[in-house]
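Hi,

Here is the structure I promised to pass on to you. Have a look at it first, and then read on for what turned up.

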Amino acid sequence: MDTMMQKRLAARTRGPVYVPGVEGYDEHRLGFQLLDPHRPSVIVAATEARDVQAAVEFAAETRSPLAVQAGGHGLAAPAEGVLINTRRMSAVRVDPRTRVAWVEAGATWRQVIEAAAPYGLAPLSGSFPGVGAISYTLGGGVGLLARRYGFAADHVRRIDLVTLDARLRQVTAGSDPDLFWALRGGGGNFGVVTGMEIDLVPVARIYGGSLFFAVEQAPDVLDAWRHWTATVPEEMTSAVTTLPYPDLPMLPEPLRGRQVAQIQISYAGPLKDGRDLVEPLRSLGPILRDTLRELPYAESGAVFDEPDEPHAYRSRNLLVNDLGPQALADLTKAAGPSAPVMTVVGLRHLGGALAREPRTANAVGHRDATYAVTVLSPVQAGEDEVVRETHRDALAPLAGDAVGCSLNFTFGPLSGDEVRSAFAPADYARLTRIRARHDPHGLLRANHVIPPAG
């Protein structure tokens, strides 16, 4: 990239601009996902919407690919050209009277949770508080309160967006119904979001945590959890994860060297009711570890207790209408010690409010799905293809019950057919037409690309 052009971009922005070889470049191009990171020609570390406008205008003038990154958890493929890093745009404002939060582009769910907690309110955040709130919501958002309140995208009131003509727009159901529909569930395909106004819900505490079982002692734990999910109310959102724990001294002693099934619980109701609902699960086998308790929503990250150190990983998912005993047995084996690479299988119970249309329709697909099935593996050097094959083999037995995939639970590049499968055919066609109106040249490189029609 021409040095004069770089200087011209830096002169337009309040935030710093980085190019390869300059101190700060690697810090701003790397995110939580360390596999195959971005390789941009220039990075704009945006501090305000005008910085985003300048970066978008520059990309359009030079016909450079444009990508956006906050935390970098969902990076699917490396981007070149212009990268907008929104990490410095992390303001959160809460109006407790209207139960609304204003969230800037780079804010994490942890920051939103902490801002809302003093008022007894909570956002519809995910299992890992370190994830960027905006990108999560644009993909739909299935969180810890999902069966009670629905998708995070269902509770968006307004989106501030820089479109590819470098205009800053306030997008609502009234101002631009098509674009508002597409942004909520269609991912980052239609412009660069600088902020979002979202609903908060009156949840101060949950009954949550996990029950851990050894698979060899409770071989039918996944099937038992599936039967149990058919009996629970919408206030109960749950999941189950199976993975082989290495025999390492820093891990809890009961889990070391075992294939473990971890049932994760988030109940948004009275403590006693939550305890009673979970009681049948306690009889599935010897419990290796029990972290269930009443906890402030500000500590909700403890439910899944996911790794918080950046690393390299890949994942795939399917949304399914049913999970039969044989399919669950196959998934348990896929996450066992004999797998070619370490593989984590995660099942999430959907339904409830997720299955209902919101007051203002959006692009979220497959609301009728009953479960989300995810396979995830850390990736070491030279293992990428083995990981892809392992994931394909693990999900293949579920193809007959699959309705598509979810953009939220996919970490890695998707084919065009896979992205299309996340939506109803008519909705996907509508999304491509909206993309063509706002980015006809396809300059914006979202994590999962919906191409412009034509």
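Let me begin with the empty space inside: the largest cavity holds about 200 Å³. Please keep in mind that this is a predicted model. The lining of this cavity is made up of 21 residues, and those nearest its centre are Phe151, Leu319, Val364, Gly365 and Ser406. By class, that lining splits into 12 nonpolar, 8 polar and 1 charged.

The second largest cavity has a volume of about 70 Å³. Its lining counts 14 residues, with Gly143, Thr237, Ser238, Phe304 and Arg348 closest to the centre. Three strands, β11 (236-244), β12 (259-267) and β16 (344-349), each give two or more residues to this lining. Here the classes come out as 7 nonpolar, 6 polar and 1 charged. Over the whole structure, the search finds 4 cavities of 30 Å³ or more.

Next, a pocket. The second largest one contains about 410 Å³ of space. Of the 20 residues that line this pocket, Tyr149, Asp154, His155, Pro358 and Arg359 lie nearest its centre. At least two lining residues come from α6 (146-149), and at least two from β7. The lining has 9 nonpolar, 3 polar and 8 charged residues.

On to the packing. In soluble globular proteins, nonpolar side chains tend to be buried together. The largest nonpolar core in this model has 57 residues, and the members that touch the most others are Val103, Leu145, Ile159, Ile198, Val203, Tyr297 and Leu431. Elements giving two or more residues to this core include β6 (100-104), α4 (109-116), β7 (156-162), β9 (192-199) and α13 (425-438). The largest share, 5 residues, comes from α7. If you want one residue to zoom in on, try Ile198: leaving out residues up to four places away in sequence, Ile198 touches Arg99, Val100, Ala101, Val103, Trp109, Val112, Pro123, His155 and Val156. A second, separate core has 35 residues, among them Ile265, Val320, Ala327 and Ala335.

Finally, the charged pairs. Side chains of opposite charge can pair when their charged atoms come close. The search of the whole structure gives 31 salt bridges, and I picked out three of them for you.

- Glu294 pairs with Arg205, with the closest N and O atoms 3.6 Å apart. Glu294 sits in strand β14 (293-296) and Arg205 in strand β10 (205-214), so this salt bridge ties together parts that are 89 residues apart in sequence. Glu294 is partly exposed at 38% relative accessibility, and Arg205 is partly exposed at 43%.
- Asp276 pairs with Lys272, and here the closest N and O atoms are 2.8 Å apart. Both residues belong to helix α9 (271-278), where they are 4 residues apart, about one turn of the helix. Asp276 counts as partly exposed at 45% relative accessibility, while Lys272 is exposed at 57%.
- Arg316 and Glu418 meet in a salt bridge of 3.6 Å, N to O. This pair links distant parts of the chain, with Arg316 in strand β15 (313-320) and Glu418 in helix α12 (416-420), 102 residues apart. Arg316 counts as buried because its relative accessibility, 18%, falls under the 20% cut-off. Glu418 is partly exposed, at 29%.

There is also a network: Arg8, Arg12, Glu57 and Glu61 are joined by salt bridges that share partners.

Happy to talk it over whenever suits you.

Best wishes

Key:
Residues numbered from 1 in each chain as written. Predicted model: local features only at pLDDT ≥ 70, side-chain atom pairs only at ≥ 80, totals over all residues. Heavy atoms only, no water. Core = buried A, V, L, I, M, F, W, Y, C linked by side-chain atoms within 4.5 Å. Buried < 20%, exposed > 50% of the residue type's maximum accessible area, 1.4 Å probe, protein only. Contact = heavy atoms within 4.5 Å. 1 Å grid on protein atoms, 1.4 Å probe; cavity = no way out; pocket = protein on both sides within 12 Å on 5 of 7 lines; lining within 4 Å. Points joined across faces, edges and corners; volume = space filled by probe spheres on them. Nonpolar A, V, L, I, M, F, W, Y, C, P; charged D, E, K, R; others polar. Salt bridge = Lys/Arg side-chain N within 4 Å of Asp/Glu carboxyl O.
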